[in-house]
Amino acid sequence: MKRKTSRAATWILNICLLKVTPAQYSVYDFDPVVVTGCLNEIQLSASPKHVLVIDQQTIQSTRIESLDQLLQKIVELDVRSQGPLNIQSDISIRGAGAEQTLILIDGVKISDPQTAHHNLDIPLNPENIKQIEIIKGGASKQYGSTAYAGVINFITRKVDKPEVSIEIAGGDNSYYHAASSLAFQKDNFYSHLTAKIQHSDGYRYNTDYDNLILFFKNTYQNSVGRVLFSTGYRKKDFGANQFYYVNYQNQREDTETFFMNINGFFNRPNGSFTAGLSGRRHADHYLLDFSNPSFYENNHFTNTIHLNLKRTFQATRRTHNIALDGTVEAIQSNNLGSHQRQNIRIVYEYQWRPNNRLALQLGSSANFYSEWKGVVVPGIDCQYRFLPTLVWHGSINSAYRIPTFTEFYYHSPANRGNPDLKPEKAWTMEQNILWKNGARSAQFGIFIRDGKAQIDWVRENTAEPWQVKNITRIVNSGIETTLSFPMKSIFINSVSLSYCYTYTDKHNAHYESKYLLSSLTHQLILDFHPFDILGIQQNWNLRFEDRLNHQENTVIDVHITKNLRHFTFSLSITNLLNSRYADYSGIPMPGRWITFGLKYKLIYE
């Protein structure tokens, strides 16, 4: 009987888990070049700073329609939407506000100086992305203001082979989209052009939308270096039922984003030199009541120009990075007025690798603003490799953020800016340990962010308007863990389970908070791929979220695909259980939404 029991236990174990082999694996089997954790390009395995990388295969396997859907799958990222498919979504990290998270495209700042509501107004489709690099912690040392709580860097693809693709989809709520992609290569030039349109009549009154995205990238590369040129355009027109004022259902908004970047990377005998120039223009038109446009109307136009120079000096086991940044931000608005500010940053970073186990990074930046005195931001990052399969990361960094134009100058009957705001500052500390053996991996981290002079929209009772204030001190601390492993079950191919707990210590409990004091407390994400049947691939994703002062919710999304030569058939079901939930109070999110798609893709060898 004992022998039968033992055999049964062994059989169950072999079904559920992949057998352990004695081979030694690197903790970084997937080891791309990353650019986000340091000023220089470096392989992920050598990065002193902990960087999470979402690779292209993962992005494509999920068959997601928009970037916010993809980011929802990552623990510690809080994606709060007021509508579907990134019509308007805010993203924050570890209990911070959306204004405290920096968004980059190929290392270039794309965050909006008017308001974080427009940070994800970026002209990219999932088709454009090679990988996403994420820092879940203060990175003002490298990137200055807005990198207060972390950084999300979208790295675009350089297509090496000519390809063409066409995609169409349709579904509930009169939804449809059409997308196309063309890539070609001639000599040392690599070009990629994509276009996408989306439309829906909406899932409730005045939630219809139209969306247009265009993006072009050209890369010239030879033995000396490479030059990248990219430009993108995005236009959105959408019903904003209850988005900003719960009592107004006829709100409407349309936005336009234009982005351009040219960047050169050149190899030098003792390192490298990088120079970049980028610009972003954003237009925001808002109506409180589209049936009576003259009642209340806003027109905002923001312009950002950014210049960056970097020099890397490399020696045996040592690297010195020096960077000079210059930024000009300007706004013209019928509500906020006309304003302009300038920023110059000088950054120094030192990396030391005395052996194959230890990597240390020390750095500091001096930041000079036209409206404030200078700010010095130091930090230290460290990596130690205990075993080929086990790595530890630790960081202590200072962070700061200057207010947006909206926080300074916005004025309406329900919302009032504050021109006397001061920059908010914080110290962030974290430790992460990562174990990986073949396809199995586990990660555990602890973090704390001690923020002072925190900026938020607050009020003492519902009869008062929302007022922007420096609300003294907020401390966010917590833990994060992720387990990923394959299974040889007849039902499941692989499973990933992530959990994060964030504790928010409020030192201003008498205020009602609009953003900072409604962050996630518990977040659990279960992502699994059932075993392929007849070549049909499935991705099931479950998200449980429990946030401060809100009702908890559970949402399940399902994506199913089938490849037939050059064709891909897809079925997507978001909110499978038709759960009723809201990321923001008073703004219900869509129920079950089914979409069918067909994609044709041809790659020329």
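Me: Two strands pair if DSSP finds at least two bridges between them, and a strand is a DSSP run of E with at least two residues, numbered from the N terminus. In which sense do strand 26 and strand 30 pair?

Reply: This is a predicted model, where local features need pLDDT of at least 70, side-chain atom pairs count only at pLDDT 80 or more, and totals for chains, interfaces and linings use all residues. Residues are numbered from 1 along each chain as its sequence is written, and side-chain values use heavy atoms, with hydrogens and water left out. Strand 26 covers residues 455-459 and shares 2 bridges with strand 30; the sense is antiparallel.

Me: Which residue of strand 30 stands opposite Val458?

Reply: Strand 30 (512-513) is an edge strand, pairing on one side only, in an open sheet of 4 strands with the order 23-27-26-30. Facing Val458 there is Ser513.

Me: How are the rings of Tyr369 and Trp372 arranged?

Reply: Rings of Phe, Tyr and Trp (its six-membered ring) pair if their centres lie within 6.5 Å; planes under 30 degrees apart are stacked, over 60 edge-to-face, and the rest tilted. The search finds 14 aromatic pairs in the whole structure. Here the centres are 6.0 Å apart and the planes meet at 80°, so the arrangement is edge-to-face.

Me: Is Tyr369 buried or exposed?

Reply: Buried means under 20% relative accessible area, exposed over 50%, and partly exposed in between (1.4 Å probe, protein chains only). Tyr369 has a relative accessible area of 12%, so the word for Tyr369 is buried.
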